[in-house]
Amino acid sequence: MNIQIFGTNKSSDTKKAVRFFKERNIKFQLVDMKEKGLSKGEFTSVMQAVGGFENMLDEKCKDSETLTLIKYLSEEDKIPKILENQQVLRLPIVRNGKEATIGYAPEVWKGWS
């Protein structure tokens, strides 16, 4: 397994995801979204795994103005705007190769090998 956890230190779901993998002695890489964020390739891979960028957006994010703007942009402008403003993404984003989850999803992670 090649686990990557994208999240922030303040996110309780990110902390729970980290604890889930630590308790099972599964190696993972933690990427702080405040420092680095997703590359375009990583974003595309996750988007394909979860069924579109709409499933990645956090309806309760603090930056509701940007979230609203993204909803009304043309299709070709939405992804670049999300990549610029990754604080609108739901966390944690957990990747295992081509598989990915958004949010705390231990029932899915248990099935990964």
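This report describes strands, helices, nonpolar cores and salt bridges in one protein structure, which is a predicted model.

**The strand β1 and its partners**

A convenient place to begin is strand β1, which covers residues 3-7. Five of the five residues of β1 are buried, so this strand is largely enclosed by the rest of the structure. The residues of β1 point in two directions, with I3, I5 and G7 on one side and Q4 and F6 on the other, and all of them are buried.

Two other strands pair with β1. Strand β2, made of residues 28-32, pairs with β1 in the parallel sense over five bridges, and within this pairing Q4 has Q29 of β2 as its bridge partner. Strand β3, made of residues 93-96, runs antiparallel to β1 and is joined to it by four bridges; here I5 stands opposite V94. The link between β1 and β2 also involves a helix, since β1, helix α1 (residues 12-23) and β2 make a right-handed β-α-β unit.

One residue of β1 deserves a separate look. F6 has its place in strand β1 and is buried, with a relative accessible area of 0%. Which residues does F6 contact, once its neighbours within four places in sequence are left aside? They are V31, M33, G37, L38, E42, L91, P92, I93 and R95. F6 also lies eleven residues from A17 in sequence, and the C-alpha atoms of these two residues are 10.0 Å apart in space.

**The nonpolar cores**

In soluble globular proteins, nonpolar side chains tend to be buried together. In this model the largest nonpolar core has 21 residues, and the members that touch the most other members are L38, F43, M56, L57, I82, L89 and I93. Among the elements that each supply at least two residues of this core are α2 (40-50), α3 (64-72) and β4 (99-102). Of the contributors, α2 gives the most, with four residues. Apart from this core lies another one, of eleven residues, which include I3, V18, I26 and W112.

The surroundings of L89 show in more detail how one member of the largest core is placed. Leaving aside neighbours within four places in sequence, L89 is in contact with M33, L38, F43, M56, L57, D58 and I82.

**The two sides of helix α3**

Helix α3 has the buried residues T66, L67 and I70. Seen down the axis of α3, these buried residues fall within an arc of 100°, so they line one face of the helix. An α-helix has 3.6 residues a turn, so residues three or four places apart point the same way. The face of α3 turned away from the buried side carries the exposed residues E65 and Y72. Where the helix is buried, α4 (75-84) is included in what covers its buried residues.

**Salt bridges**

Side chains of opposite charge can pair when their charged atoms come close. How many salt bridges does the structure hold? There are five salt bridges in the structure, and the table gives some of them with the distance between the closest N and O atoms.

| Pair | Closest N and O atoms |
|---|---|
| K16 and D13 | 3.3 Å |
| E59 and K71 | 2.8 Å |
| E84 and K81 | 3.9 Å |

The setting of each pair can be described in turn. K16 and D13 are three residues apart in helix α1, which means that they are separated by about one helical turn. K16 is partly exposed, with a relative accessible area of 30%, and D13 is partly exposed as well, with a relative accessible area of 25%.

E59 forms a salt bridge with K71. E59 lies in the loop between α2 and α3, whereas K71 lies in helix α3, so this pair ties together parts that are twelve residues apart in sequence. E59 is exposed, with a relative accessible area of 52%, while K71, at 41% relative accessibility, counts as partly exposed.

E84 and K81 are three residues apart in helix α4 and are therefore separated by about one helical turn. Within this pair, E84 counts as exposed at 60% relative accessibility, and K81 is partly exposed, with a relative accessible area of 23%.

Definitions and conventions. Residues are numbered from 1 along each chain as its sequence is written. This is a predicted model: local features need pLDDT of at least 70, side-chain atom pairs count only at pLDDT 80 or more; totals for chains, interfaces and linings use all residues. Side-chain values use heavy atoms; hydrogens and water are left out. A nonpolar core is a set of buried Ala, Val, Leu, Ile, Met, Phe, Trp, Tyr and Cys residues joined through side-chain atoms within 4.5 Å. Buried means under 20% relative accessible area, exposed over 50%, partly exposed in between (1.4 Å probe, protein chains only). Contact means heavy atoms within 4.5 Å. Two strands pair if DSSP finds at least two bridges between them. A crossover is right-handed if, with the strands pointing away from the viewer, the path from the first strand over the helix to the second runs clockwise. The arc is that of the directions from the helix axis to the C-beta atoms. A salt bridge is a side-chain nitrogen of Lys or Arg within 4 Å of a carboxyl oxygen of Asp or Glu.
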